[in-house]
Amino acid sequence: MNILAKLKELESVSRKLDPTPEERKSWREAVSDYSDVFLDNIESIKAYIISEDRGRAIYDTTIGEPKPIKELLDAIAFNVDRPGLNPASGGHLAYIPGGGLFPSALGDYLAAVFNRYAGMFFGSPGAVRMENQLLNWLCQQMGYPETATGNLSSGGSIANMTAICTARDTKNLKSADFHRVVIYTTAQVHHCVHKAINMVGLREAVKRIVPMDEQFRMNVLTLRDQIDADKKAGLLPFMVIGSAGTTDVGAVDPLNDIADICSEHNLWFHVDAAYGGFFIMIEETKDLFKGIERSDSLVIDPHKGLFLPYGTGAVLVRQGQKLFESQHMMASYLQDAYYDVEEVSPADLSPELTKHFRGLRLWLPLQLYGVAPFIAALSEKIWLTRYFYEEIQKIEGFEVGAYPQLSVMTYRFVPKSGDANAFNARLVEEVRNDGRVFLSSTMINGVFYIRLAVLSFRTHLSTIQTCLQVLKEKSEALSQVNN
Ligand SMILES: *Cc1c(COP(=O)(O)O)cnc(C)c1O
């Protein structure tokens, strides 16, 4: 067979990768109908669904032969969208809840159809400008100066890694010194920070776990003493990592005091605001963030505080040039891409080259709604948490942890007899089995606490009332068994 005949034959099959207008329409409608049924019923779909099979039958839909969309959506519905946690539910009150704004889904759809190359200005100047516009807006919200820039990442973990890498490069740490380098955090810092420290090669660094006050905020007096002592001992104090909203209890470290100490000692100040950062935008909580604008870098997660679907975090660096110097690299095959560059590209500010055009999923909801509903929703989350804090104490047997600084708090049931930790572990399990709301727990100094984390845009007063009701029912039932 000659080449032309061969190509004709291959093309007749490979063209199937581009659907006909009818196929496009029927697939799109099937997907759209399926998601509409979900969204129309979201208030009554459980926050957690226990299933024996836990999606195992997804393996039965084997990869190889083409299958009709209906069959595939059925497989997704049964195996993927049913068992386990339903993060789109307002009843998701565990860990740090996610969101899933509908316009973000449309943004992702457009991003996938047009497949703009958002990594490089040369490839898609408009996409890069859109992401830069969003990053400038984020920098402004956080009080950063015009020198700041950042990058939209897949999430907070990669964003923290990028920031710590930038700190390492800016401070010009040498590997021979890594074992003398000191990093200061509290025990409440997110575990991804420790992972990030390892990933940027600082596994050997000395990690000082600075004590906290009774509200789980870094004790800055001890921090100062520890830095002095470390310097005297010939170590190299390098960076302080503060948290603006810890995952466990929502504590915000005294950022302004930490900024003072960092500037005194010329240390890099990084703030992990992945969960809490957007609470700077509302009156009730903005004062807690004083000093964040003095940090060298920070991390904030739109897939938490701006209610986006999973897959969007951000790293911001006050001296944007430092992020560029850490991440930019040239390659011969990119020589044309730097022709006539007007704006810095994501690829120069992150470990990623080719990347998801994640700006569109953030830009579209912000533009369609404007910022007011976001502000109201954030404020609502704060007041719902405060409401829960009051109301849970009215249910017999419950005691609360510290007053919530943001929208996370801890509480537990104190049984009249028996092991309190075991009782609360059973209580969380009962709530999960019930499924109307989903809660998670944590250990604080050996004490088992149940958490409330309010951050879903779909969590409203009725959700919190349901949560209180479930806790009342289940704690009463367990107490009876106990007696
Ligand atoms: C969620 C969270 C992270 C990790 O972010 P991901 O987006 O899950 O990777 C880091 N720090 C804090 C405080 C968080 O709440």
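**Exercise 1. Find the polar partners of the ligand and describe its shell.**

*Solution.* Let's start with the nitrogen side: a nitrogen atom of the ligand sits 2.6 Å from an N or O atom in the side chain of D272. That is a polar contact, meaning a pair of N or O atoms within 3.5 Å; within protein, one must be able to donate a hydrogen and the other to accept it, and residues adjacent in sequence count only if both atoms are side-chain atoms. Before going on, keep in mind that this is a predicted model, where local features need pLDDT of at least 70, side-chain atom pairs count only at pLDDT 80 or more, and totals for chains, interfaces and linings use all residues. Residues are numbered from 1 along each chain as its sequence is written, and side-chain values use heavy atoms, with hydrogens and water left out.

Next, the oxygens. An N or O atom in the side chain of S157 is 2.6 Å from an oxygen atom of the ligand. For the side chain of T247, the distance from an N or O atom to a ligand oxygen is 3.0 Å.

Now the cover: on its own, the ligand has 380 Å² of accessible area, and the protein covers 85% of that. These areas come from the Shrake-Rupley method with a 1.4 Å probe; for residues, only the protein chains shown count as cover.

Which elements give two or more residues to the shell? They are α6 (156-170) and α10 (302-305), and α6 gives the most, with three residues. Helices (H or I, at least four residues) and strands (E, at least two) are DSSP runs, numbered from the N terminus.

Finally, the head count. The ligand is surrounded by 15 residues, the closest being G156, S157, D272, D301 and K304; a residue is near if one of its heavy atoms lies within 4 Å of the molecule or strand. By type, the shell divides into four nonpolar, eight polar and three charged residues. Here Ala, Val, Leu, Ile, Met, Phe, Trp, Tyr, Cys and Pro count as nonpolar, Asp, Glu, Lys and Arg as charged, and the others, Gly among them, as polar.

**Exercise 2. Trace the surroundings of S350 and N151.**

*Solution.* First, place S350: look in the loop between α11 (320-327) and α12 (359-369). Is S350 buried or exposed? S350 counts as buried because its relative accessibility is 3%; the cut-offs are under 20% relative accessible area for buried, over 50% for exposed and partly exposed in between (1.4 Å probe, protein chains only).

Then check the side chain of S350, which reaches the backbone nitrogen of E352 at 2.8 Å. Not counting residues up to four places away in sequence, S350 touches N151 and Q327, where contact means heavy atoms within 4.5 Å.

Follow the link to N151, which belongs to strand β3 (residues 149-153). N151 is buried too, at a relative accessible area of 3%. Beyond its neighbours within four places in sequence, N151 has contacts that include L135, G313, P346 and S350.

**Exercise 3. Split the chain into domains and describe how they meet.**

*Solution.* The domain assignment gives domain 1 (107-369) and domain 2 (372-482); such bounds come from an automatic or database domain assignment. Taken over C-alpha atoms, the centres of the two are 31 Å apart. Their contact takes 27 residues from domain 1 and 24 residues from domain 2.

Zoom in on T442, in strand β12 (residues 441-444). T442 is buried, with a relative accessible area of 12%. Its side chain and that of D248 are joined by a polar contact of 2.7 Å. T442 also touches T410, V447, F448, Y449 and R451. For T410, 32 residues apart from T442 along the chain, the C-alpha separation is 8.5 Å.

**Exercise 4. Work out what surrounds S475.**

*Solution.* S475 is part of helix α15 (residues 461-482) and is buried, with a relative accessible area of 2%. Its side chain reaches two backbone oxygens: that of L471 at 2.7 Å and that of K472 at 3.1 Å. Leaving aside neighbours within four places in sequence, S475 is in contact with F398, F413, F423 and L427.

**Exercise 5. Find non-glycine residues with positive phi.**

*Solution.* One of them is N172, with phi of about 55°, in the loop between α6 and β4 (181-185). Another is N445, whose phi is near 50°. N445 lies in the loop between β12 and β13 (447-453) and is exposed, with a relative accessible area of 74%.
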